[in-house]
Number of protein chains: 2
Amino acid sequence: MFENASKVRKKPMQARSRETVSAILEAAAQVLEARGYAGTTTNHIADRAGVSIGSLYQYFPNKESIVLSLMEAHMAEAASGTDALMSLVEARGCITPDDVREFVHLAMELHKREPGVHRAIVQDIPITGKIWWEAFMNMERIMVDRLRILLDKTPHARKTKGGAAARMIIRVLESLTHRQVMDSADRLDQEEFLEETSDMLCRYIFDAGMDKS
Amino acid sequence: MFENASKVRKKPMQARSRETVSAILEAAAQVLEARGYAGTTTNHIADRAGVSIGSLYQYFPNKESIVLSLMEAHMAEAASGTDALMSLVEARGCITPDDVREFVHLAMELHKREPGVHRAIVQDIPITGKIWWEAFMNMERIMVDRLRILLDKTPHARKTKGGAAARMIIRVLESLTHRQVMDSADRLDQEEFLEETSDMLCRYIFDAGMDKS
DNA sequence: TGAGAATATGAGCAATTACTTATATTATTC
DNA sequence: GAATAATATAAGTAATTGCTCATATTCTCA
């Protein structure tokens, strides 16, 4: 889905270089987590990875592309997870409160791993004109469309014009989990977050009277 | 509320210098809007303001403090607006669906002015260890506490332990409006956003059966 | 085994940038 | 109208940083 668009300067042929590349990515994640995007330098990454700065630039054209690589991995994970869940629901034909809960749960799981990296990526990187934002918006659009169809098929589910409800739901999911990632300290308890968010979405989606679980 | 904590290096005494300071702030807003935080340099700001770089550093100790100034202004505005609305509701003693709508409306209004500046501030500036994030969290805490008391007083309003509902509501408001600011293009129509968000919050807050308007 | 391809190295360059400082200009005060 | 304080100027510095390139090492395969 997210092909490596001119991301890798030279394609690694031998096992040795493939290890170098993954060492760089792993180091990048660590440094990013520790110092944020602005505080991360290519030399830092090379140092931490135990490779020379020259090697780094042999496989990545610039600093941004390294972070983009991490981002793509995260998005691919998100896309496949969402796709699986969505397909399941589509097979049944309509969406239920339990499904909603599963979606919230998935969103939480996806952001739980490497929160520091995620924080650095979504928070620190200047968004304007950046490539990954476009990819992100595209992924969101696809999800909204699928959810919209599902909502239309589901009896007693909210009906809006132009798919507004679907857009709202996806946005709430994304915004709240992103926010949850931001403040690592003092954050809403995980269980509480799952509970309250699911309930809020269910009340929004389904007609009153339907029991939420 | 947000006193200028060591922000201004030398306090401007004459009208001339006060104009210089405001020219700098205005220029900073423009440059920030056009180029983002990372792309903004102190020399850019001085140029745009029509003052020398030396003058800039006479009144601001560093680049960050300039942006912090803008942020404080925004937060002071937000604090006073919210306070006014909150006081109104507190005087009545309980919260209504109309109030909820007013809160959403306020949040939208606060982010409508200078969206580019806001975008640069919340998106581009590395959060880790930054001063304004603490002030922001503090403001949020105050709002949550007041809302929590209001919810407790309101019949048929959601009751949670530990103020979870109040926390959720404030978070949804903030997260969604921030997100709304992020994608200037392709954004939910303003009216639609107000409508759907208010409705979502009302359904979450109030027992089923109460009409939303 | 040796020639060529792939990979690794790191000193150093070029460009950027936040910030200083010595000096000049303007305002205020007695 | 001096003397002093406030303000403005911009050339220049020191440090950072993304990135290159000439050279060295390791691997592959005929």
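Here are some notes on a predicted model of protein chains A and B with DNA strands C and D.

1. Start with the annotated stretch. An unreviewed UniProt entry gives residues 41–60 of chain A as "DNA-binding region". In the model this span is 75% helix and 0% strand, and its end C-alpha atoms sit 13 Å apart.

2. Now look at strand D. There are 26 residues around DNA strand D, and the ones that come nearest are Tyr57(A), Met13(B), Gln14(B), Ser17(B) and Thr20(B). Both protein chains are in that list, so to speak, by name: Tyr57 from chain A and the other four from chain B.3. Which helices line strand D? Helix H2 (42–49) and helix H3 (53–59) of chain A, along with helix H1 (15–39) and helix H3 (53–59) of chain B, each bring at least two residues to the surface near DNA strand D. H3(B) has the largest share, with five residues. Sorted by class, that surface has 13 polar, seven nonpolar and six charged residues.

4. What part of strand D does the protein touch? Sugar or phosphate makes up 69% of the strand D atoms within 4 Å of the protein, and the rest belong to bases. Two contacts to phosphate are worth clicking on. A polar backbone atom of Met13(B) is 2.6 Å from a phosphate oxygen of DNA strand D, and a polar side-chain atom of Ser17(B) is 2.7 Å from a phosphate oxygen of that strand. For a contact to a base, go to Gln58(B): an N or O atom in its side chain is 3.1 Å from a base nitrogen of DNA strand D.

5. Turn to strand C next. Of the 26 residues around DNA strand C, those that come nearest are Met13(A), Gln14(A), Ser17(A), Thr20(A) and Tyr57(B). Sugar and phosphate account for 69% of the strand C atoms that come within 4 Å of the protein.

6. The surface near strand C draws on helix H1 (15–39) and H3 of chain A and on helix H2 (42–49) and H3 of chain B, each supplying at least two residues. Here H3(A) gives the most, with five residues. By class, the residues divide into seven nonpolar, 13 polar and six charged.

7. Some individual contacts to strand C can be picked out too. On chain B, a polar backbone atom of Thr42(B) is 3.1 Å from a phosphate oxygen of DNA strand C. The side chain of Tyr57(B) has an N or O atom 3.1 Å from a phosphate oxygen of DNA strand C. On chain A, an N or O atom in the side chain of Arg16(A) is 3.5 Å from a sugar or linking oxygen of the strand.

8. Away from the DNA, have a look at the salt bridges; the structure holds 24 over all chains. One of them pairs Glu192(B) with Arg167(A), with the closest N and O atoms 2.9 Å apart. Glu192(B) belongs to helix H9 (residues 190–205) of chain B and Arg167(A) to helix H8 (residues 164–182) of chain A, so this pair joins two chains. Is each partner buried or partly exposed? Glu192(B) is buried at 18% relative accessible area, while Arg167(A), at 24%, counts as partly exposed.

9. Another salt bridge brings together the side chains of Asp199(A) and Arg158(B), at 2.4 Å from N to O. Asp199(A) is in helix H9 (residues 190–205) of chain A, and Arg158(B) is in the loop between helix H7 (131–153) and helix H8 (164–182) of chain B, so this pair also joins two chains. Both Asp199(A) and Arg158(B) are buried. There is a network to find as well: salt bridges link Arg158(A), Glu196(B), Asp199(B) and Arg203(B).

10. Within chain B, the side chains of Arg101(B) and Glu195(B) meet in a salt bridge of 3.2 Å, N to O. Arg101(B) is in helix H5 (residues 97–112) and Glu195(B) in helix H9, 94 residues apart, and the pair links distant parts of the chain. Arg101(B) is partly exposed at 28% relative accessible area, and Glu195(B) is partly exposed at 25%.

11. Last, a check on H5(B) itself. With 16 residues at 1.5 Å a residue, H5(B) should span 22 Å, and its end C-alpha atoms are 23 Å apart, which agrees. Its buried residues include Pro97(B), Val100(B), Phe103(B), Val104(B) and Leu110(B). After H5(B) comes Glu114(B), which has a positive phi near 50°.

Technical notes. Residues are numbered from 1 along each chain as its sequence is written. Chains are lettered from A and ligands numbered from 1 in the order in which they are written. This is a predicted model: local features need pLDDT of at least 70, side-chain atom pairs count only at pLDDT 80 or more; totals for chains, interfaces and linings use all residues. Side-chain values use heavy atoms; hydrogens and water are left out. UniProt positions are given in the numbering used here, feature names are shortened, and annotations may be inferred rather than shown by experiment. Helices (H or I, at least four residues) and strands (E, at least two) are DSSP runs, numbered from the N terminus. A salt bridge is a side-chain nitrogen of Lys or Arg within 4 Å of a carboxyl oxygen of Asp or Glu. Buried means under 20% relative accessible area, exposed over 50%, partly exposed in between (1.4 Å probe, protein chains only). A residue is near a molecule or strand if one of its heavy atoms lies within 4 Å of it. A polar contact is a pair of N or O atoms within 3.5 Å; within protein, one must be able to donate a hydrogen and the other to accept it, and residues adjacent in sequence count only if both atoms are side-chain atoms. Ala, Val, Leu, Ile, Met, Phe, Trp, Tyr, Cys and Pro count as nonpolar, Asp, Glu, Lys and Arg as charged, and the others, Gly among them, as polar. The expected span of a helix is 1.5 Å times one less than its number of residues.
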